[in-house]
Amino acid sequence: MALAHTKTRAPRPRAGLLLPRPALLAHVRQALDTHRALLICAPAGYGKTALLTQALAEVGDDSAVAWVALDEGDDLGRLLDCLFAAFEPYDPPWRTAPEGLRDAALRGGTELVTVADAMLNALEACEVERGLIVLDDAHHLVDPASLQFLDRWLARMGERWRLVLSARHEPPLRVARLRATGDLADLGPEQLALDQAEVTQLAQAAGLDEGAGAELFQRSQGWAAGLRLALGLSQRAGLPAAIDRATFDYLAAEVLDRLDAELRGFLLRTSVLHELDVARCQALGEGAMVASFLAEIERLSLFVTVVDLAPHTLRLHQLFRDMLQQRLRLEQPDTHRLLLERAAELETDAQRRHGLLMAAGRPDRAAELLLADAGMLINQIGAQGLLDLAGRFDAGFAEVSPELHRVKAVALWTMWEAERAEYHLGRAEVLFQARGDGAALRVARAHLAILLIAQGRLTQAAALLQALDPFDGESRLSGEARRIVLLGRCWHALESCHFDAVAPLFEAQLAELLKHPTVEAWYTGVPPPRQISCRGMAAPMERWFRGAMQVVGDRPLPLGVMGYMARAWSLFWQGEFAECEQHLARAEADAAWFGRLVIARNHGQALHAMLDLVHGRHESAVALMRLRLAEHVPGYGRWGLWHGIFFCSRMAAACGDAALLDEGLARLVREGAELPDLVSAHRRDPLAGLRARQAELAGRRGEAIALWRGLLAEGESSDLLAQRAEARLRLAAALLEGGDRREAAEALAPALAEHDPGGLLWAVPLMQRMAAHDWGELIEPASLARLRQWVETLAPGGVMPPPAMASAADDRLSQREAEVVAQIAAGASNKHIARALDLSPHTVKRHVANILDKLGLNSRGEAAAWWHDRQASTRPGTLG
């Protein structure tokens, strides 16, 4: 799906077809020179777009023009998408990705205001002398969020940019104050209407005398659309005494009936399209005459504007197009519906496609396509944008459409609204079952199982998954259903503490993912930190990361953020701290570029705390875990909260914070009482490890030893967040302190047989003590060598050396960033830089944001000046 590019293309002026209106154009120029905003408000057909087309033709090369043509149903999300596309040629120095700004604005409240200001700041930093932002047909913006956004812009518009609103009626904006302060100029029907002299001039050009011109003026009152029709029919008798909007359709039909039959039929059939070009018309079913028909339409000036040259694209005036569709609907209703459906299948703009299908009376097909594209649309317009599209259906239809219920569930799940998502999945399940759609029913049940797992309702989820066995050749699971069920089985094993089964199940899930290299498939099941800590996950995680990065490519997607975050966690458990920190920094930089990714922040806080722990920065580690818990997302539910408290309590235990550990254990008991599936025959005491550490900190070593031994006796079910290895290490240290070397060695040895340090990293000082101890023959030499190799990565006392700081301001940029700033200094645009350095434009924007942030600059011009100053200061023979 994509935004229709014609929405951000200003119409092309057509020589000889527009009446020169120097006085009106001078009025427009003066308004733009002396006011921050211009409101052109008049009913349809008064020449608003034509006037703007002429005005823009006079804009100099030093001025930027951002044009947005708004459609019915456009909202804040669509407005922002159009604005970002329209600004693209001028390389605004965004500090946050446009996608991130869009998502933040859609959350509303103060974030919308922040985004509006951030966009204005970026525009003021553009390397243009002045700029015009034109919103054509702004009356289509009726949602409160769009109006709030525009109000903020009108109030804060800077000196270099002007905002022009063209509308059929005055939008409900707060313009009274702007008028009073002289910041807003108005043009209405009185100014736009052709005066008698101009009408007479047009009449004489059409071969009529001055008297006929005066009569036409009286009939049309200067209304441009009606006048054009009247001039075309001026030789015919029976013209109405007054030409107004009520008689337009009648007169337009008269013009239509006088056309060649083939051209008339072409106009009727293609009126279902928003824009006309050869390829689009032929895809609709038109033949080889399309190019000649389009040329004839333009020659006859049939209420058409040119919106693009490559390919040559025309747009019919909405008045004329409405009349054509009305005629087609009356004369050929079945053909009209068929053409609307066909046009929808050709449409790459999700909102326009929706409108076409609804006009065709096919909400069922609109819902099917919305569900098919849901994953892709979430990456493009966000979960709230997807919910907004789903909300445009009739309430009665929406209640009985299983596809729409699934769309809403997908969006709500992305927003961590588990309870609401479960309701819609439950409705989808009932409706698919009633319809007898077995394939869709299996997918809905697979998604429901995932949702139940996330809420800790493991027994219910297990029943669903058992009926959807992906390894049963008779189960008929394939495609999305198979992927989701494999993900569900992996996550169910994780949440039910069958930790040793997680890696093999993840291998099966990964094999299926590799057959479907799409963002939607891969983003659904990004492995969380608890999963990555399981035994055997290192190798498949490496393959998963490579696969995810191939899917992402150079596109700025949340999957890339989470891919680097997951890889950072995997490297941490392997003891590869330097590389872990590099991947974490990349993930957080990308997340900052997106604006706000809650789950990335959540995972990043925990990993920073773990790195602080192995660095010996206990106070910082505990503070981060407290903050993470305070920011707990309500949508994670009570199950997620319990695990958040558990992680925080593990950190308190590792750092020796007895008070926080006591507090955490008390909360875990209270929250756990509300989670019936937390304790099972497989996992009898999930808090044994924390209680053991609590006893040890209180000086009750014997009790601690007994609890650790009981935990290890439970087997894999006790290995939440790699707890078994830590328990072996702490048990060995306690036994060694009591003088029992042999039992200490027996407790420790299994943890040293692993390929990676894993859970031993919860107690780095004990790792060093165990590595320094003389075990004699009690532990295999190879195992001891492995432990000592792990310890070698740590400085004495368990504190790793901090990352090296940049030595000078000139070293703050990476090699690639230095190449980008050199290109900026040479005057290259983002697109030119992308071509020169073989990067995507999105990647270039990211580099520009990083450069400005690192150097403390505000614009590309300042970056260019910095580069030139640096070059001058480092030339041989110069001082400084």
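How many bridges join strand 1 to strand 5? Four bridges join these two strands, which run parallel; strands are DSSP runs (E, at least two residues) and helices are DSSP runs (H or I, at least four residues), both numbered from the N terminus. The model is a predicted one, in which local features need pLDDT of at least 70 and side-chain atom pairs count only at pLDDT 80 or more, while totals for chains, interfaces and linings use all residues. Residues are numbered from 1 along each chain as its sequence is written, and side-chain values use heavy atoms, with hydrogens and water left out.

Within the pairing of strand 1 and strand 5, Ile40 has Leu187 of strand 5 as its bridge partner. These strands belong to an open sheet of five strands, ordered 2-3-4-1-5 with parallel pairing; two strands count as paired if DSSP finds at least two bridges between them. Strand 2 (63–69) and strand 5 (184–187) each have a single partner strand and stand at the edges, so one side of each is left without a neighbour in the sheet. From one strand to the next, the twist averages 15°.

Helix 1 (residues 22–34) packs on this sheet and touches strand 1, strand 3, strand 4 and strand 5, contact being heavy atoms within 4.5 Å. The direction of helix 1 makes about 160° with that of strand 5; axes are lines fitted to C-alpha atoms, for helices over the stretch in contact, and angles run from 0 to 180 degrees between N-to-C directions.

Strand 4 (residues 161–167) is mostly covered, with seven of its seven residues buried, that is, under 20% relative accessible area (exposed is over 50%, partly exposed in between; 1.4 Å probe, protein chains only). On one side lie Trp161, Leu163, Leu165 and Ala167, and on the other Arg162, Val164 and Ser166. Strand 4 pairs in the parallel sense with strand 1 (residues 37–41) over five bridges, and Ala37 stands opposite Leu163. Five bridges also join strand 4 to strand 3 (residues 130–136), again in parallel, with Leu132 opposite Arg162. Strand 3, helix 6 (residues 144–156) and strand 4 form a right-handed β-α-β unit: with the strands pointing away from the viewer, the path from the first strand over the helix to the second runs clockwise.

The cysteines remain to be considered. With a disulfide taken as a pair of cysteine sulfur atoms within 2.5 Å, the count is zero. For Cys126, the nearest cysteine sulfur, that of Cys82, is 18 Å away. Cys126 is buried, at a relative accessible area of 2%.
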